[in-house]
Amino acid sequence: MSGLIRRLIIGGSVVMFVFAWLGVAVVHVSMDSTTAFVVAVTIAALATEALFWILAIIGGWAVFANRQKLWNRFFGQMSR
């Protein structure tokens, strides 16, 4: 894959990820519906998982294999 295509795919994935979680915040603030909130969180969780898989596919197996270590480092926890 060329560098431009990789950047476009990763950029689009990050944009979908950010908008999905912003949508969760908007639904949480603007609505009292638990159902709408659960649907928004589910969509955001799927967008997050899609982002991880896209990064794993483009970044190679090492990103996927070390996902737990990267996640722990991101949140400042000790790695196992």
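Helices are DSSP runs of at least four residues, numbered from the N terminus. In the predicted model analysed here, N66 is found in the loop between α3 (61–65) and α4 (67–74). N66 is partly exposed, with a relative accessible area of 34%. Its C-alpha atom is separated by 9.8 Å from that of A56, a residue ten positions away along the chain.

The overall architecture is helical. The chain contains four helices and zero strands, and its elements follow the order α-α-α-α along the sequence. Among these elements are helix α1, which spans residues 3–30, and helix α2, which spans residues 34–59. Of the contacts in the chain with a separation of 6 or more, 45% are accounted for by residues 24 or more positions apart.

Burial and surface composition were then examined. Of the 80 residues of the chain, 15% count as buried. The chain exposes about 6200 Å², and 72% of this area is supplied by carbon and sulfur atoms.

In soluble globular proteins, nonpolar side chains tend to be buried together. In the present model, the largest nonpolar core has six residues, namely A20, V24, V27, A40, A44 and A47. The elements that give two or more residues to this core are α1 and α2. Within this set, A20 is in contact with A44 and A47, when neighbours within four places in sequence are left aside.

A polar contact was also identified for T48, a residue of helix α2. T48 is buried, because its relative accessible area of 14% falls under the 20% cut-off for burial. The side chains of T48 and W21 are joined by a polar contact of 2.8 Å. With neighbours within four places in sequence again excluded, T48 is in contact with F17 as well as with W21.

Nonpolar side chains also contribute to the surface. V14, V15, V18, F19 and L22 make a nonpolar surface patch of about 420 Å². One of these residues, V18, lies in helix α1. V18 has a relative accessible area of 37% and is therefore partly exposed, since this class covers values between the 20% limit for buried residues and the 50% limit for exposed ones. V18 of the patch is thus partly exposed, whereas T48 of helix α2 is buried.

Notes:
Residues are numbered from 1 along each chain as its sequence is written. This is a predicted model: local features need pLDDT of at least 70, side-chain atom pairs count only at pLDDT 80 or more; totals for chains, interfaces and linings use all residues. Side-chain values use heavy atoms; hydrogens and water are left out. Patches are made of residues with over 30% relative accessible area and no salt bridge: like charges are joined within 9 Å, nonpolar side chains (Val, Leu, Ile, Met, Phe, Trp, Tyr) within 5 Å. Accessible areas come from the Shrake-Rupley method with a 1.4 Å probe; for residues, only the protein chains shown count as cover. A salt bridge is a side-chain nitrogen of Lys or Arg within 4 Å of a carboxyl oxygen of Asp or Glu. Buried means under 20% relative accessible area, exposed over 50%, partly exposed in between (1.4 Å probe, protein chains only). Contact means heavy atoms within 4.5 Å. A nonpolar core is a set of buried Ala, Val, Leu, Ile, Met, Phe, Trp, Tyr and Cys residues joined through side-chain atoms within 4.5 Å. A polar contact is a pair of N or O atoms within 3.5 Å; within protein, one must be able to donate a hydrogen and the other to accept it, and residues adjacent in sequence count only if both atoms are side-chain atoms.
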